[in-house]
Each structure stands twice: as structure tokens, then as C-alpha cells.
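Q: Got a minute to go through this one with me? I'd like to talk about the sheets, the ligand and any odd backbone spots.

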Amino acid sequence: MQAPADIHVDLRGVSLVYGEDDDQTLALDRLTLQVERGEFVAVVGPSGCGKSTLMKLVTGLLAPDGGSVFIDGKRVDGPVRNVGMAFQNSTLMPWRTTLDNVMLPFEIVKPHKHKLRTLRAQYEERARKTLEEVGLIEFAHKYPWELSGGMQQRANVCRALVHEPRLLMLDEPFGALDAFTREELWVMTQRLWLEHRFSAMLVTHDLREAVFLADRVIVLSRRPGRVVLDRRIDIPRPRSVAGTYDPVFGEIVQEIHSKIVEART
Ligand code: ADP
């Protein structure tokens with residue numbers, strides 16, 4: 001008998017309405033989606049279909065108007081702990097060095113913030129180790145403006161992962177970067193995932209990025225967003241950037257692309 005799936009994130013019939021009275025926008029309509037523990041799920045769809053809204057519901061920054069969100073079987077009723085987040089515009093603080101930026105979760109996330117004073121050396125060691133994993137250790141004492149865009153996003157991902165969250169939320173994290181830098185960061189993200197096996201949700205417009213990184217690619221319809229395709233990606237890992245130009249890879253991208261075009265109308 002097959003073991004029951006170990007569900008990490010569970011969205012059940014979730015709806016979300018922005019605005020009030022006669023100025024309402026239904027962003028998501030009874031959306032149901034599950035992410036298994038350790039799974040990497042990418043969410044794609046037409047602009048404005050509710051992808052960022054979905055991310056805010058999972059992290060508890062927004063409360064659903066209908067349905068429920070569960071993490072580890074527990075209903076989400078406020079901002080979720082033990083989650084790492086990285087967004088398109090790196091939100092590094094310009095007055096802090098890379099290392100001090102990466103230390104930030106230890107200052108604000110429970111239970112670390114209560115232990116920081118006594119365990120600072122250990123936490124700093126963890127921050128350095130994570131910087132090493134993303135190839136930034138030599139830049140630990142530089143400020144964000146001294147780093148390239150790609151390095152800033154590396155530091156951003158590093159900060160999202162330093163406290164070893166079990167869930168990583170990436171909302172267009174590499175969107176502002178040039179194509180080559182973006183591909184480097186796909187490889188880095190894949191390496192980090194293979195090593196740490198956190199669960200991940202990635203919102204992206206880049207279908208090659210989605211197929212490169214994900215176990216499943218979810219296509220949402222235009223607003224109000226519903227799941228119109230749940231495509232499993234069985235390409236073995238580690239996946240290579242060169243492999244994204246293989247016909248098999250291209251066919252999957254094409255299939256997802258057609259579904260999005262269909263979902264737009
Ligand atoms: P996506 O990330 O897929 O581009 P969003 O989740 O940002 O889409 O938004 C979904 C829809 O909800 C969009 O049509 C957007 O205009 C609308 N929306 C998002 N945030 C707000 C808000 N604060 N107030 C009103 N409408 C909003």
C-alpha cells in the first residue's frame with residue numbers, strides 16, 4: 001500500500017476579495033492546491049491572476065475570505081513562522097553589510113531573537129556557512145550597493161534560508177536579472193534545494209525557470225485564479241541549463257505556454 005502523502009501546504013477552496021462594497025475584485029476563487037513536504041512547486045499564469053495573492057495567503061499576510069489554508073495541518077491565522085521569503089526586488093538594507101543583512105532573521109524570528117545575545121557566535125557561523133554555499137563569503141563585509149544585482153539576489157536567497165526554514169517562498173526572485181545571471185541563480189537554487197530539501201513555492205513568469213526548478217508546475221487561470229493545469233516535471237536532477245534546450249524540455253515549456261495562452265482568454 002502506498003504511504004499517504006505528507007502534505008506541507010494545503011489550500012482548500014480558498015477565495016480572496018480585494019476592496020469593499022461596490023469596488024470589489026475577486027482575486028482567487030475557491031482555489032485548491034497542495035504542496036507535499038520537500039516538494040518544489042512553481043506557480044505560473046497570466047499577469048494579475050492572483051499569484052502574489054496566493055503567496056500572501058500561504059504566509060498568512062492575508063486572510064482568505066473563503067476556504068482555509070493549512071501548514072503542517074494547522075490552520076493559518078496570522079503571519080507564519082519558519083518560512084523564508086525572497087522577492088523580486090532584493091530588500092537588503094543598504095546600511096548593513098551582507099553578513100549583517102543575512103543575520104536579520106536571527107534578530108526578528110522566534111525563537112532565535114531570544115537566543116541571539118547568547119548564541120551570536122553560532123548564528124554568525126551559520127550565516128557565514130550559508131554565504132559560502134552561495135559563493136558570497138568574500139563579500140560578507142561589503143554593502144549591498146557594492147554588489148552586482150545577481151549577488152544581491154544571492155544574498156537575498158541566503159537571508160531567506162539562513163534560519164533553515166522548512167518552507168521557502170520565492171516571488172519572482174530573479175525577474176529583474178539578465179538571462180545569464182538568472183540561469184546561474186537557478187543552478188544555485190537547485191543546489192540549495194537538493195542539499196536542504198525544504199518545500200518551496202515559486203512564482204515566476206519565466207516558464208524555463210519553472211520547469212528547471214519544479215517538481216510540479218501549476219498554471220492559474222486569469223483572474224479570479226483557479227488551477228487549470230497541474231503538470232508534474234519528471235526530468236531527473238540535477239538538471240542542467242544546457243538541458244533546458246533539449247526538445248523534451250522545450251515540449252513541456254510549450255505545453256505550459258499553450259495552457260497559459262488558453263487561460264488568458
Ligand atoms: P499576480 O501576482 O498574478 O500578477 P496579484 O495576486 O498581484 O496577481 O493580483 C491579483 C489581482 O488582484 C490583480 O488583478 C490585482 O489588480 C488585484 N489586486 C492585487 N492587490 C490588490 C489590492 N491591494 N487592492 C485591490 N486589488 C488588488
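A: Sure. Before the sheets, one term: two strands count as paired if DSSP finds at least two bridges between them. Also keep in mind that this is a predicted model.

Q: Fine. What's the strand order in the open sheet of six strands?

A: That sheet runs β6-β7-β8-β3-β9-β10, and the pairing is mixed.

Q: Which strands stand at the edges there?

A: β6 (83-87) and β10 (227-232) do. Each has a single partner strand, so one side of each is left without a neighbour in the sheet.

Q: And how much twist from one strand to the next?

A: The average is 15°.

Q: Let's go to the middle of that order. Do β3 and β8 run parallel or antiparallel?

A: Parallel, with four bridges joining β3 (residues 40-44) to β8 (residues 199-203). If you want a spot to look at, A42 stands opposite L202 in β8.

Q: Which strands does helix α5 lie across?

A: α5 (residues 149-161) lies across β6 and β7 (167-171). The helix runs at about 165° to β6.

Q: OK, the other sheet. What's the order in the one with four strands?

A: The order is β2-β1-β4-β5, an open sheet with antiparallel pairing. β2 and β5 (74-75) are the edge strands, each pairing on one side only.

Q: Where does α1 come in?

A: α1 packs on that sheet and touches β1, β2 and β4. The direction of α1 makes about 120° with that of β1.

Q: Walk me through the pairs. How many bridges between β1 and β2?

A: 10 bridges, in the antiparallel sense, between β1 (residues 7-20) and β2. One pair in there is V17 with L26 of β2.

Q: How many residues sit between β1 and β2 in their hairpin?

A: Two. D21 is in that turn, and its phi is positive, about 45°.

Q: Then β1 and β4?

A: β1 and β4 (residues 66-71) are antiparallel as well, over five bridges. D10 stands opposite F70 in β4, and S15 stands opposite G66 in β4.

Q: What about β4 and β5?

A: They pair over two bridges, antiparallel. I71 has K74 in β5 as its bridge partner. β4 and β5 also make a hairpin with two residues between them, and D72 in the turn has a positive phi of about 55°.

Q: Switching to the ligand. Which residues are around it?

A: Y18, A27, S47, G48, C49, G50, K51, S52, T53 and R223. By class that shell has three nonpolar, five polar and two charged residues.

Q: Which element gives the largest share of the shell?

A: Helix α1 (residues 51-58), with three residues. That's the helix that packs on the sheet containing β1, β2 and β4.

Q: What polar contacts can I look for on the ligand's oxygen atoms?

A: Try three. A backbone N or O atom of G50 lies 3.0 Å from a ligand oxygen, and for a backbone N or O atom of K51 the distance to a ligand oxygen is 2.9 Å. With T53 the side chain is involved: one of its N or O atoms is 2.5 Å from an oxygen atom of the ligand.

Q: How much of the ligand does the protein bury?

A: 61% of the 560 Å² that the ligand exposes when taken alone.

Q: Last topic, the odd backbone spots. Is the peptide bond from R223 to P224 cis or trans?

A: Cis, with omega near -5°. P224 is in the loop between β9 (216-220) and β10. R223 is also one of the residues around the ligand.

Q: What about R237 and P238?

A: A cis peptide bond joins those two, and omega is about 0°. P238 is in the loop between β10 and α8 (247-264).

Q: And what's phi like at R30?

A: Near 45°, which is a positive value in a residue other than glycine. R30 is found in β2 (residues 23-36), an edge strand of the sheet with order β2-β1-β4-β5.

Q: Great, that covers my list.

Definitions and conventions. Residues numbered from 1 in each chain as written. Predicted model: local features only at pLDDT ≥ 70, side-chain atom pairs only at ≥ 80, totals over all residues. Heavy atoms only, no water. Axes fitted to C-alpha atoms, helices over the stretch in contact; angles between N-to-C directions. Contact = heavy atoms within 4.5 Å. Near = heavy atom within 4 Å. Polar contact = N/O pair within 3.5 Å; in protein donor to acceptor, adjacent residues only side chain to side chain. Areas by Shrake-Rupley, 256 points an atom, 1.4 Å probe, with all protein chains shown as cover. Nonpolar A, V, L, I, M, F, W, Y, C, P; charged D, E, K, R; others polar.
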